[in-house]
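Trainee: Can we go through this structure together? I would like to start with the helices.
Mentor: Fine, here it is.

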Amino acid sequence: MTEFDGKTVLITGGGSGIGFATARLLVGAGANVVLAGRRVEKLDIAAKELDPSGERVLAVATDVSRLDELDELVARIRETYGRLDGVFVNAGVAFSSPSALVSEADFDRVIGINWKGAFFTIQKATQLFDEAGGAVVINGTCLAHRGNALSSLYAATKAAVTSLSRSLAADFADLGIRVNAISPGFIRTDLLDGVVPNDEAREMIRSQIPLGRIGQPEDVAGVVAFLLSPHAAYITGQDLGVDGGLVSAAPMGSVR
């Protein structure tokens, strides 16, 4: 797969999980990749693993909720690679709480990263697209489509960015920029470990998934790469579920 030769893609939240799996796939397909995230040590480790030479992977410590840090990120990308061809808006924070216990500080933190951060990442990063346009993929969640206890704040921020993908698809169409969203199900990442810490809870989740397993980051990475690639040239404004059928189908168990 070489459809990303000469292309540069920004991945926020790129130091682990879905972001890292996507970066590994894109580097293997020829892309230059910019990893942005808050955890500097994890970013540096990821960058060295992906590209020991340091020529095709750039790691930039960035808190996407801070516009000054986004401006610095864009400046570093311009200085290093000159332009962008794709953006995977993947940075996010998981949050689980009864709605009655959500504090203003909780609200501001989750909104700041998951919603404000996504909006301004796209606004600023797409300024590096050239006249050929490019592609944006926003990471949402299946919980924006399936009510779930303890997830009201988190799911609402992800519903917001899923809606944003449709509006931006219309806003950016004349610029040749495609914007799509994905809605992953339960994927084995650090975020999942933070909210589903025990085997009993994971088995309960697994039992609801028609395909019979919790997803792996690579399951999502392939979909992101497709949406960023020329193979998806006629796809924009869509929200693609990557959830093993969790939202749209119900497992029946063995009936054979």
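Trainee: Which strands does helix H5 lie across?
Mentor: Helix H5 (residues 152-172) lies across strand S5 (134-139), strand S6 (177-184) and S7, at about 160° to S6. Helices (H or I, at least four residues) and strands (E, at least two) are DSSP runs, numbered from the N terminus. Angles run from 0 to 180 degrees between N-to-C directions, with axes fitted to C-alpha atoms, for helices over the stretch in contact.
Trainee: And which strands does helix H8 touch?
Mentor: Helix H8 (residues 217-228) packs on the sheet and touches strand S1 (8-12), strand S4 (86-89), S5, S6 and S7; contact means heavy atoms within 4.5 Å. Its direction makes about 165° with that of S6.
Trainee: Is this model predicted, and what do the values rest on?
Mentor: It is a predicted model: local features need pLDDT of at least 70, side-chain atom pairs count only at pLDDT 80 or more, and totals for chains, interfaces and linings use all residues. Residues are numbered from 1 along each chain as its sequence is written, and side-chain values use heavy atoms, leaving out hydrogens and water.
Trainee: Back to the sheet. What is the strand order?
Mentor: Seven strands form an open sheet, ordered S3-S2-S1-S4-S5-S6-S7, with parallel pairing; two strands pair if DSSP finds at least two bridges between them.
Trainee: Which strands stand at the edges?
Mentor: Strand S3 (57-61) and strand S7 (239-242) each have a single partner strand, so one side of each lacks a neighbour in the sheet. The twist averages 20° from one strand to the next.
Trainee: How many bridges join S2 and S3?
Mentor: Five, in the parallel sense, with S2 covering residues 32-37. Val33 stands opposite Val57 in S3.
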